[in-house]
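Biologist: Please take me through the strands, helices and confidence of this model, one question at a time.

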Amino acid sequence: MNLRVIRVVKWCLISVFMLIIICFAAGVGLFVYYAKDAPKLEESKLQSKPSSVIYDKDGQVLVDLGIEKRELTDTKDIPLELVDAVTSIEDHRFFQHRGVDPIRIISSVIHNTQNDSMQGGSTLTQQLIKLSFFSTKAKDATIKRKAQEAWMAVNLERQNTKEEIITYYINKTYLGNGYYGMLTAAKSYFGKDLKSLDLAQIALLAGMPQAPNSYDPYAHPEAAKERRDMVLRAMYRYKKISKKQMDQAIAEPITEGLQAPSTSKSIPSYLDNYIKQVILEVEDKTGLDVNKAGLKIYTPLNNAAQQRLWDIFNTDQYVNFPDDLFQVASTIVDVNSGAVIAQLGGRKQPTDVTFGLNQAVEINRDWGSTMKPPTDYAPAFEYGVYKSTGDIIGDTWYLYPGTNIPVYDWDKQYQGNITVRKAVWGSRNIPAVKTLASVGLDKSQAFLETLGIKYPNMQYSNAISSNNNGEGGKFGASSEKMAAAYAAFSASGIYTTPYYVTKIVDAEGKETTMKPERKRAMKASTAYVMTDILKGVITNGTMTNGVIPGLNQAGKTGTSNYDDTQYDQAMENIDGPYDGSSLAPDENFVGYTPHYSMAVWSGYDNRMTPVWGSKLYLALDVYREMMTYLASTTDNTDWTMPEGVQKNGNELTITN
């Protein structure tokens, strides 16, 4: 019996050891399989990249993102205290390991199983490899990437000295506010070179690379101090400084020697909003950090149009704005390509802020009746609810479906039976809600999504409003979304996701063309009929002060509303003798030609400050001035009637 037990135990132990050996062999095999495809170690990538440059549609330089942002240091100019600080907090065994540190990996595993906070096992050499060759996004930290990172770190340590590696690291790290490399940061934050920094200042810089925005001493001084002190305690723990030095440095205020933040901008104010979107698009589609990757980025920006839009917003030469607080945001799309050729998110924006709020892409304001064409009438023609622009619909007393809440028109009156064309021209609310009810919420929502507009749950009130019930995020409308949606009407029903980048050339010369996402959102007949109706809004409807003589154009106004409680509050914020006009949080216009689509939002940042009186025409004034300029740069073509549409008198009928 005992012999049998011994045999069983023996075979169990053998099996366990065999399993361990098999797993180890499999792990080694997987490591080798991944490592064989690792990028080639190139000195040029370890060194800091040239700055990224952004170009307009004609290939002219718009901005150099590296101007006065990166200054490199030589190994001989790096103080020993900085080396001690960096290695103490990032990799205290840096001078003992050969690229990968098994002891550090085991230590981090034990720490992570016993604590809520996570500790990484990467060496400083591995971090340099990641910064130089791979995406730094957490989602890209795959087993394959980690294996290649480790393999490359080992090889780097074979061909480069420790001094060279830590110099690369110190020159490559990002330290917030656009500062790359610790010498750049030292001069920008403290006005000193590295050797002139005191111990507390050195510790601050050494601790910042892990989360430079979170440890920004201007924006987050408490977090910055906590991180700095963590570095100092690590230096003491590994016997790099004495307790007295640590205590003195910890006692030093985080603001000691800190210069006032720079107010100079390397990006001109008129380009700030647009360049912000360019950078976001590159990083979203490629995972590359524009500030580190040394890219040549080509955009569809029409620089002259962008400058004209800025002038319209910020001077009195074109539009008479009532005050500097009144805001406008606009996006202009080339209807044939879908490219964003110009965009501004506000007027009188701060000149000392880079990449501030861009209201042109925000979806926190209401686009009112500009939603009627894509939400109600276009899907009604697309799905056969209406066949003709002369179909009759009643502008009569009506409740929102499933409620006891009445729908009112802006004038609180009823026009009886009217044509669909006249319902759009007059921006009548009741016919719009009735139309949405006939189409159905699900069909309308699906139609809108083909035009890039989403809601968490469609409501019948969305027939006349882009209100997203406070959901934020990806739901609702913006000038960018509305310009692109209306561009589909102009482009025979083809919708293109708005884009800001056409081509990227990386630091090694590899060229990547960014193909726009295009799809048919509606039949050509639907798009043409909607355009024909919206052309009449200019001469017969709500946008007569948008007339540009001789220009073929179409468009729609949109006014949002206050509820009863908000209305009383808005009345208290009127800034002059009340003329009895409507009060609105937002006044909008979306218009287009065969060449361009332009959406304009206007209002105040504080939506309880109302738009009223002559202010209700400013969005349309901005459109008229900008589109007049754009029309002077193109021929005045008209839309061609497609197959499946027949003209009967003044009305159009869809026959297919």
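The exchange below treats confidence, then the sheets, then the helix contacts.

Biologist: What is the average pLDDT of the protein?
Modeller: This is a predicted model, in which local features need pLDDT of at least 70 and side-chain atom pairs count only at pLDDT 80 or more, while totals for chains, interfaces and linings use all residues. Residues are numbered from 1 along each chain as its sequence is written, and side-chain values use heavy atoms, with hydrogens and water left out. The pLDDT is the predictor's confidence in each residue, from 0 to 100. Of the residues, 85% score at least 70, and the protein's average is 87.

Biologist: How many contacts beyond four places in sequence does the model have for residues 23–31?
Modeller: Contact means heavy atoms within 4.5 Å. Over residues 108–119 the pLDDT is below 50, and that stretch has nine contacts beyond near neighbours in sequence. For residues 23–31 the pLDDT stays under 50, and the number of contacts beyond four places in sequence is three.

Biologist: Which strands stand at the edges of the open sheet with the order 2-1-3-9-10?
Modeller: Helices (H or I, at least four residues) and strands (E, at least two) are DSSP runs numbered from the N terminus, and two strands pair if DSSP finds at least two bridges between them. This sheet has five strands with mixed pairing. One side of each edge strand is left without a neighbour in the sheet because each has a single partner strand; these are strand 2 (61–64) and strand 10 (511–513).

Biologist: Which residue is the bridge partner of isoleucine 297 in strand 9?
Modeller: Strand 3 (residues 296–298) pairs with strand 9 (residues 503–505) in the antiparallel sense over three bridges. Within strand 9, the partner of isoleucine 297 is isoleucine 504.

Biologist: Which residue takes a positive phi in the hairpin of strand 1 and strand 2?
Modeller: Strand 1 (residues 53–55) and strand 2 are antiparallel partners over three bridges, and tyrosine 55 stands opposite valine 61 in strand 2. Five residues lie between the strands of this hairpin, and the residue with a positive phi, near 80°, is glycine 59.

Biologist: Which are the edge strands of the open sheet with the order 5-4-14-13-12?
Modeller: The pairing in this sheet of five strands is antiparallel. Each edge strand pairs on one side only, and the two are strand 5 (340–344) and strand 12 (554–559).

Biologist: What angle does the direction of helix 22 make with that of strand 14?
Modeller: Axes are lines fitted to C-alpha atoms, for helices over the stretch in contact, and angles run from 0 to 180 degrees between N-to-C directions. Strand 12 and strand 13 (residues 586–592) pair over six bridges in the antiparallel sense. Helix 14 (residues 303–314) packs on the sheet, touching strand 4 (326–334), strand 5 and strand 14 (596–604), and its direction makes about 25° with that of strand 5. Helix 22 (residues 618–631) also packs on the sheet, touching strand 4, strand 5, strand 12, strand 13 and strand 14, and its angle with strand 14 is about 150°.

Biologist: How are helix 9 and helix 10 oriented to each other, parallel or perpendicular?
Modeller: Angles under 35 degrees count as roughly parallel, over 145 as roughly antiparallel, 65 to 115 as roughly perpendicular and the rest as oblique. Helix 9 (residues 199–207) and helix 10 (residues 221–237) pack at about 105°, with their axes 8 Å apart. The contact includes Leu199 and Ala203 of helix 9, and Val231 and Leu232 of helix 10. Helix 9 and helix 10 are therefore roughly perpendicular.

Biologist: How many charged residues are in the contact of helix 3 with helix 10?
Modeller: Helix 3 (residues 80–90) packs on helix 10 at an angle of about 95°, with their axes 8 Å apart. Among the residues that meet are Glu81 and Asp84 in helix 3 and Arg227 in helix 10. Ala, Val, Leu, Ile, Met, Phe, Trp, Tyr, Cys and Pro count as nonpolar, Asp, Glu, Lys and Arg as charged, and the others, Gly among them, as polar. The contact of helix 3 with helix 10 has six nonpolar residues, one polar, and a charged count of four.

Biologist: How does helix 5 stand to helix 7, oblique or parallel?
Modeller: Helix 5 (residues 124–133) and helix 7 (residues 162–172) pack with their axes 10 Å apart, at an angle of about 50°. That angle makes helix 5, relative to helix 7, oblique.
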